[in-house]
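This briefing concerns the contacts between protein and DNA in one model. Please consult the sequence and the coordinates alongside the text.

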Number of protein chains: 4
Amino acid sequence: MRYTDKRCDIMEAALELIAEHGFHGAPMSDIAEKAGVAAGTIYRYFESKDILINELNQELETIVSSLLLEEFPEGGTVQERFCHVVRALFRYFIDHPLQFRFMEQYSYSPYGVSRRRDKLLGIRGDADRQLFRMAIEEGVAEATLKNFPVMVLCGLAFGPMVSLVRDHILGFIHLDDVLIDRITEACWDAVKR
Amino acid sequence: MRYTDKRCDIMEAALELIAEHGFHGAPMSDIAEKAGVAAGTIYRYFESKDILINELNQELETIVSSLLLEEFPEGGTVQERFCHVVRALFRYFIDHPLQFRFMEQYSYSPYGVSRRRDKLLGIRGDADRQLFRMAIEEGVAEATLKNFPVMVLCGLAFGPMVSLVRDHILGFIHLDDVLIDRITEACWDAVKR
Amino acid sequence: MRYTDKRCDIMEAALELIAEHGFHGAPMSDIAEKAGVAAGTIYRYFESKDILINELNQELETIVSSLLLEEFPEGGTVQERFCHVVRALFRYFIDHPLQFRFMEQYSYSPYGVSRRRDKLLGIRGDADRQLFRMAIEEGVAEATLKNFPVMVLCGLAFGPMVSLVRDHILGFIHLDDVLIDRITEACWDAVKR
Amino acid sequence: MRYTDKRCDIMEAALELIAEHGFHGAPMSDIAEKAGVAAGTIYRYFESKDILINELNQELETIVSSLLLEEFPEGGTVQERFCHVVRALFRYFIDHPLQFRFMEQYSYSPYGVSRRRDKLLGIRGDADRQLFRMAIEEGVAEATLKNFPVMVLCGLAFGPMVSLVRDHILGFIHLDDVLIDRITEACWDAVKR
DNA sequence: CATGAATGAGCGTTCATTCAT
DNA sequence: CATGAATGAACGCTCATTCAT
């Protein structure tokens, strides 16, 4: 028996179906079938559909988080750190469209809103966010960046990425490494003083 | 007479409930009640819930479209035209959070994807988009803008707006006219050569 | 129009199935089928299965209550009033075995316990209970009855009835009017001083 | 060895949970957990949940039966024997509310009905019942008791007890030894000629 | 045209029971 | 013998849609 990790199977099936059809287009029965388990089995691993969805999102966030920490240029300039994060997210999501579609849907649902609120209130804080936030605050302090609230600078940094990754995944544009680098530079132009 | 009172009532009720509770948190019966009509009556105006949602989105797009055409500085510089559009969208959505929440949900759902595809394939095209596209193509041609595909420039222009309007509506930041103007300038920095 | 045909059909079907098979042996789908309606239709009349059950019990209590008030010998002796109630309950339940089986199950379920508690706390009080209670208190005061708490006297009065009606319905004994009268007298012997 | 530790643990757990939450509020998994065994283990001792419940009831009946035989005044008067049984049941159930709640639920469920039927048809007969029955028949024969069928006299004897023990357990009244003795006397008044 | 009662497929979830280990 | 993960039928309930009035 090679694939005995049922929990993973279920999460993968959920990821795929929800990414493709949305939360409501992915009934537990379909998830179970795709995961190769019985419907009731899911409930041994996740108390409810909501909890499955939340845990899946949390796991994806953790993966993204650790990805950003890898090769993070901690001693680099503000620009280097800023562009590292933007570029890394671009590449990760382009390589992982299901993850992107899922997280996108999650963040636009009631789930995401309350989670977002928790994070902002400091109830939750990931290391990667701290590092990025510090880079930004440093940039503002030393007048490398425009004097905006952190959240505005985040919007300028990630807004285009979200929008463009989506267009890429839907096939409306094609983003290659060269283009990603150039777009990342453009985002830097938006925030730099 | 296509746009009767009842039709409008239904669309308004749908807008409000869907913006607030999502597509699946807004049953037809609730929409009917809020609109002051019987459940069956909705089906005289809209063949199905899906069609209601699609038509509602279309109407909102039309409204936004005509808004952008108003006071469009047709003879102005590329920068003037670009910033007009960004700023106008910022202001409209901040003043119309229900419309924003609805369109946001729509665009992240399966509905939005196919619609988007239609548009790009030229099946649908709004006047405002033509004007904005022309401004951008002009800017690229005259080397005012960075040499990116139009869609990338759109991402750089509107990505931050979508992200920041959302944060504003959720109460995470407060956008006033001064800040909007400064952010719009920052978006311009991203796209200008 | 509160008591439509369908509402009655549903209540009757529920009464019959629950009396026969218990709360858990009577799924909503069976009730619907027996009532000749679709499953969803039940929920137009009753918010939930629990509420259906509670309303059914309440209705049966009301019927029993008004039955006891009919021909109640208000000016009679304590004995006359006591025996009227015991005898009337005997006869009603023997003629209405489904009602008996339902109420029996109800009173032994969590539903019944809290309802009972409410009644005793005076949150709910039916006219018939008041009359019976008054007769008993009068009997105790004038030393016609043994000096027991009211509840003990009720136990002596109704305990045998519940037990014997049940045996009758199950076919273990046959109660006719003569026997009922004699048993009622025996209950009187238990309570009288 | 038929009555192993595990078997007892399971029965005790079942008794407690069913008494408290009813048959349907006591899943096998909960019973297993409370008994400190795996869910599957229960099925080594009991073929099914129904059988577990039936055997539990049977065991409780046996315990009650032997209790009644203890100190049974075999040579005493009919009254002594009658009152002994009534009083002993009162006391046992007041001291063992879980047992009472279980047996009550059992007897009002489909389980209880068929069991009752078996008993009356003579398929099952416990020694205690024989003794009580004999006392009653003797009383009827010698005209100490009213001339009722045995089952009616049982109803008069035990109906009040069941009703009042229940009220005691639910906290609606408090039965102490003095009150129990007096109530037992009252039951005797009901059956004696 | 408008109504709203009725429908029934489909949902998330539970749990008695099985069986490979 | 004991385990507990897995099963899947069955439950209570929702809601988009229909149609007799």
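A polar contact is a pair of N or O atoms within 3.5 Å; within protein, one must be able to donate a hydrogen and the other to accept it, and residues adjacent in sequence count only if both atoms are side-chain atoms. A phosphate oxygen of DNA strand F lies 2.8 Å from a polar backbone atom of Met28(C). The model is predicted: local features need pLDDT of at least 70, side-chain atom pairs count only at pLDDT 80 or more, and totals for chains, interfaces and linings use all residues. Residues are numbered from 1 along each chain as its sequence is written, chains are lettered from A and ligands numbered from 1 in the order in which they are written, and side-chain values use heavy atoms, with hydrogens and water left out.

**DNA strand F**
- Thr41(A), Arg44(A), Tyr45(A), Met28(B) and Lys49(C) come nearest among the 27 residues around strand F (near: a heavy atom within 4 Å).
- Sugar and phosphate make up 67% of the strand F atoms within 4 Å of the protein.
- A polar backbone atom of Met28(B) is 2.5 Å from a phosphate oxygen of strand F.

**DNA strand E**
- Strand E is surrounded by 27 residues, of which Lys49(A), Thr41(B), Arg44(C), Tyr45(C) and Met28(D) are the closest.
- Sugar or phosphate supplies 68% of the strand E atoms within 4 Å of the protein, and bases supply the rest.
- Phosphate oxygens of strand E lie 2.6 Å from a polar side-chain atom of Thr41(B) and 2.8 Å from a backbone N or O atom of Ala38(C).
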